[in-house]
Amino acid sequence: MNHPSDLKYAATHEWVKIEGDLVITGISDHAQDALGDLVYVEAPEVGRHLTAGEQAGVVESVKTASDIHAPISGEVVEVNSELEDDPDFVNDAPYGKGWIYKIKPDNMADVEKLLSNTEYEAGL
């Protein structure tokens, strides 16, 4: 599996990357591989405030559906609208074009409480 070391991970299989004062979020390579070919991604609405651990959206594959959880608390400021037409971006590039949403964190320090790639992989 491919889990970049410059990202942080939640035990629920989401990843985060700091971009300025925002955090980009998606699902891990492990998660997309386990789900199979994605057919639908439901991202949270822009403006919604999420609490860490709360359901933020859903990803559906030909096999199953799975919740996306908020890895940190904050306000959703942008969603990847390209996933509406091309949910397979999550399969093809989970850490690139397959990002799901951006959040303005309540506390940027919460990112450091998430798992490193080594810690995440040890839990798989």
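These questions and answers walk through the fold of one predicted model.

Reader: What kind of model is this, and how are its residues numbered?
Author: It is a predicted model, where local features need pLDDT of at least 70, side-chain atom pairs count only at pLDDT 80 or more, and totals for chains, interfaces and linings use all residues. Side-chain values use heavy atoms, with hydrogens and water left out, and residues are numbered along each chain as its sequence is written, from 1.

Reader: How many helices and strands does the chain have?
Author: Helices (H or I, at least four residues) and strands (E, at least two) are DSSP runs, numbered from the N terminus. From that end the elements run β-β-β-α-β-β-β-β-β-α-β-α. The total is 3 helices and 9 strands.

Reader: What radius of gyration does the chain have?
Author: The radius is taken over C-alpha atoms, and the globule rule is 2.2 Å times the number of residues to the power 0.38. For 124 residues, that puts a compact globule near 14 Å. The C-alpha trace spans about 35 × 35 × 20 Å along its principal axes. The chain agrees with the rule, at 13 Å.

Reader: In what order do the 6 strands of the open sheet lie?
Author: Two strands pair if DSSP finds at least two bridges between them. The pairing in this sheet is antiparallel. E1 and E5 are the edge strands, each pairing on one side only. The order is E1-E2-E3-E9-E8-E5.

Reader: Which residue of E9 is the bridge partner of Glu78?
Author: E8 and E9 run antiparallel and are joined by 5 bridges. In one of them, Val79 has Tyr101 of E9 as its partner. For Glu78, the partner is Lys102.

Reader: Which residue of E8 is the bridge partner of His49?
Author: Strand E5 (residues 49–50) pairs with strand E8 (residues 74–79). The sense is antiparallel, over 2 bridges. The partner of His49 is Glu75.

Reader: How many residues are in the hairpin that joins E6 to E7?
Author: E6 and strand E7 (residues 65–69) run antiparallel, with 5 bridges between them. One bridge partner of E6 residue Gly57 is Ile68 in E7. The hairpin passes through 3 residues.

Reader: Which residues touch the most other members of the largest nonpolar core?
Author: A nonpolar core is a set of buried Ala, Val, Leu, Ile, Met, Phe, Trp, Tyr and Cys residues joined through side-chain atoms within 4.5 Å. Buried means under 20% relative accessible area, exposed over 50%, and partly exposed in between (1.4 Å probe, protein chains only). This core has 23 residues, and those with the most contacts to other members are Ile27, Leu38, Val41, Leu50, Val59, Ile100 and Tyr101.

Reader: Which elements give two or more residues to this core?
Author: Helices and strands both contribute. The helices are H1 (29–35) and H2 (89–92). The strands are E3 (22–27), E4 (38–42), E6 (55–61) and E9 (101–105).

Reader: Which residues does Val41 touch?
Author: Contact means heavy atoms within 4.5 Å. Residues up to four places away in sequence are not counted. The list is Val58, Val59, Leu83, Pro87, Val90 and Ile100.

Reader: Are the rings of Tyr9 and Tyr120 stacked or edge-to-face?
Author: Rings of Phe, Tyr and Trp (its six-membered ring) pair if their centres lie within 6.5 Å; planes under 30 degrees apart count as stacked, over 60 as edge-to-face and the rest as tilted. Tyr9 is buried at 0% relative accessibility, and Tyr120 is buried at 2%. The ring centres are 4.9 Å apart and the planes stand at 15°, so the pair is stacked.

Reader: How many residues apart in sequence are the parts that Tyr9 and Tyr120 tie together?
Author: Tyr9 lies in strand E1 (residues 8–9). Tyr120 lies in helix H3 (residues 117–122). The separation is 111 residues.

Reader: Which residue lies over the face of Trp99?
Author: A charge sits over a ring if NZ of Lys or CZ of Arg is within 6 Å of the ring centre and within 35 degrees of the ring normal. Here the distance from the ring centre is 5.1 Å. The residue is Lys102.

Reader: Is Glu54 buried or partly exposed?
Author: Glu54 lies in the loop between E5 and E6. Beyond its neighbours within four places, it contacts Arg48, His49, Ile68, His69 and Ala70. With a relative accessible area of 28%, Glu54 is partly exposed.
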